[in-house]
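Colleague: Got a minute to walk me through this one?

Modeller: Sure, pull it up and fire away.

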Amino acid sequence: MTKPFQAGHAAESGLISAELVELGWSAAEQIFEADRGFFRAAGGSYDPSTIIDRLGNPWTLPRPVFR
């Protein structure tokens, strides 16, 4: 029962996000580097040069990792 729930929940979240955008909702543009952004929350600091021009490029893994 968990696997269908996860897929359904992900789909629901995508639809809700699209509907909120349609209503004009937005979010912070500096989610990674802001004072309370992802990098500071996850590690305490960040180096933006490590991800600039790399996010979403490529969208797929060149070699899937199987363990």
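Colleague: How far apart are the end C-alpha atoms of α1, and what should its residues span?

Modeller: This is a predicted model, so let's check the helix against ideal geometry. α1 has 21 residues, and at 1.5 Å a residue they should span 30 Å. That agrees with the model, where the end C-alpha atoms are 30 Å apart.

Colleague: Which residue with a positive phi follows α1?

Modeller: Look just past the helix, which covers 2-22. The phi there is near 100°, and the residue is G24.

Colleague: Is D35 buried or exposed?

Modeller: D35 sits in the loop between α1 and α2, the latter being 38-42. Its relative accessible area is 68%, and the cut-off for exposed is over 50%. So D35 counts as exposed.

Colleague: What share of the protein's residues is buried?

Modeller: The fold has two helices and zero strands. The accessible surface comes to about 6,700 Å², with 59% of that belonging to carbon and sulfur atoms. Of the 67 residues, the buried share is 3%.

How values were computed. Residues numbered from 1 in each chain as written. Predicted model: local features only at pLDDT ≥ 70, side-chain atom pairs only at ≥ 80, totals over all residues. Heavy atoms only, no water. Helix = DSSP H or I, 4+ residues; strand = E, 2+ residues; numbered from the N terminus. Buried < 20%, exposed > 50% of the residue type's maximum accessible area, 1.4 Å probe, protein only. Areas by Shrake-Rupley, 256 points an atom, 1.4 Å probe, with all protein chains shown as cover. Expected span 1.5 Å × (residues − 1).
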